[in-house]
Amino acid sequence: MTFRSPIKHCRACGTAVVYRLPDDGDTKQRAVCPACNTVHYENPLNVVGTVPVMADGRVLLCKRNIEPRWGKWTLPAGFMELDETTAQGAARETDEEAGAQIRMGPLFSLLNVRRVGQVHLFYQATLLSDLFNPGYETIEARLFHEEEVPWDEIAFRTVKETLEAYFADRKAGAFGLHCIDIE
């Protein structure tokens with residue numbers, strides 16, 4: 001069961017919507033405006049971020065200064081904006097949250113989080129400097145070797161899964177694309 005806030009009013013005309021099967025043959029109940037017949041589709045949100053790594057293998061984590069999970073550690077990531085690619089969004093979030101200078105790498109993990117209607121995409125990134133200028137969403141931006149990662153203080157399962165996959169791939173000497181479903 002996916003958590004969502006239901007649409008209440010038509011974005012086109014403001015009339016209260018009803019949830020029903022649209023007249024176009026769709027097989028899912030949608031928010032349909034009874035006044036103007038606009039069908040409102042609800043789609044997952046994309047969360048984009050990076051796994052920023054120094055040449056010595058340390059990974060950059062950010063201590064959250066916002067809810068949810070205030071004070072917990074995460075990879076720099078956030079919601080993708082309109083008019084940007086997933087890679088552009090991931091780079092923007094890394095700059096906003098950590099003030100980190102990076103060179104983007106390939107897509108590393110794609111995590112489906114159906115319960116909250118989100119898709120998380122993390123890219124590999126090479127840190128070009130160990131100087132950071134965290135934004136207001138971050139208490140602290142810090143580098144960690146694998147054995148130093150505060151595993152019990154990781155904010156989100158998507159971040160923990162991505163970090164575990166990253167360190168496993170690094171030990172194996174080859175990086176792949178990881179597609180993970182989180183229930």
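Which residues does Glu93 touch, not counting those up to four places away in sequence? Before selecting anything, keep in mind that this is a predicted model. With that said, select Glu93, and the residues it touches, once those up to four places away in sequence are set aside, turn out to be Val48, Pro76, Ala77, Gly78, Phe79 and Ala98. Glu93 itself has its place in helix 1, which covers residues 86–98. Its relative accessibility is 6%, and because buried means under 20%, Glu93 counts as buried.

**The whole protein**

Now zoom out until the entire chain is in view. The secondary structure comes to two helices and eleven strands, and, read from the N terminus on, the elements run β-β-β-β-β-β-β-α-β-β-β-α-β. The C-alpha trace spans about 60 × 35 × 30 Å along its principal axes. Of the 183 residues in the protein, 41% are buried, while the surface that the protein exposes comes to about 10400 Å², with carbon and sulfur atoms supplying 51% of it. If you colour by charge, you will be looking at 20 positive and 26 negative charges, whose mean positions are 5 Å apart. Among contacts between residues at least 6 apart in sequence, 59% join residues at least 24 apart.

**Strand 9 and its two partners**

Next, select residues 118–127, which form strand 9, a strand that is mostly covered, with nine of its ten residues buried. On which strands does this one rely for its bridges, and how do they run? Strand 4, residues 45–53, is joined to strand 9 by nine bridges, and these two run parallel; to see one position of this pairing, pick Val53, which stands opposite Thr126 in strand 9. Strand 8, residues 102–113, is also joined to strand 9 by nine bridges, but here the strands run antiparallel, and Asn112 stands opposite Val119 in strand 9. Strand 8 and strand 9 form a hairpin with four residues between the strands, and there Gly117 takes a positive phi near 65 degrees.

While strand 9 is still in view, select His120, which has its place in this strand. Is His120 buried or exposed? At 9% relative accessibility, His120 counts as buried. Leaving out residues up to four places away in sequence, His120 touches Val47, Ser109, Leu110, Leu111, Val113 and Thr158. For a view along the chain, add Lys8, which is 112 residues from His120 in sequence, and the C-alpha atoms of the two are separated by 27 Å.

**The nonpolar cores**

From here, turn to the largest nonpolar core, which has 21 residues, and select Val51, Val59, Leu61, Leu75 and Leu163, the residues with the most contacts inside this core. The elements that give two or more residues to this core are strand 4, strand 5 (59–64), strand 8, helix 2 (157–172) and strand 11 (178–182). Helix 2 supplies the largest share of this core, namely five residues. Another core, of ten residues, lies apart from this one, and Leu60, Leu127, Ala141 and Leu143 are among its residues.

To look at one core residue in detail, select Val51 together with the residues it contacts, again leaving aside its neighbours within four places in sequence: they are Val59, Leu75, Phe108, Phe122, Tyr123, Gln124, Ala125, Thr162 and Tyr166.

**The three-stranded sheet**

Move next to an open sheet of three strands, which has the order 1-2-3 with antiparallel pairing. Its edge strands are strand 1 (18–20) and strand 3 (39–40), each of which pairs on one side only. Between strand 2, residues 30–32, and strand 3 there are two bridges, and the two strands run antiparallel; select Val32 and you will find it standing opposite Val39 in strand 3.

**A last stop in a loop**

Finally, select Ile66, whose place is in the loop between strand 5 and strand 6 (73–74). Ile66 has a relative accessibility of 26% and so counts as partly exposed. Adding Asn43 to the selection gives a last distance to inspect, for Ile66 and Asn43 are 23 residues apart in sequence and 25 Å apart in space, taken from C-alpha to C-alpha.

Definitions and conventions: Residues numbered from 1 in each chain as written. Predicted model: local features only at pLDDT ≥ 70, side-chain atom pairs only at ≥ 80, totals over all residues. Heavy atoms only, no water. Buried < 20%, exposed > 50% of the residue type's maximum accessible area, 1.4 Å probe, protein only. Contact = heavy atoms within 4.5 Å. Pairing = 2+ DSSP bridges. Areas by Shrake-Rupley, 256 points an atom, 1.4 Å probe, with all protein chains shown as cover. Lys, Arg positive; Asp, Glu negative; His and termini not counted. Charge placed at Lys NZ, Arg CZ, Asp CG, Glu CD. Core = buried A, V, L, I, M, F, W, Y, C linked by side-chain atoms within 4.5 Å.
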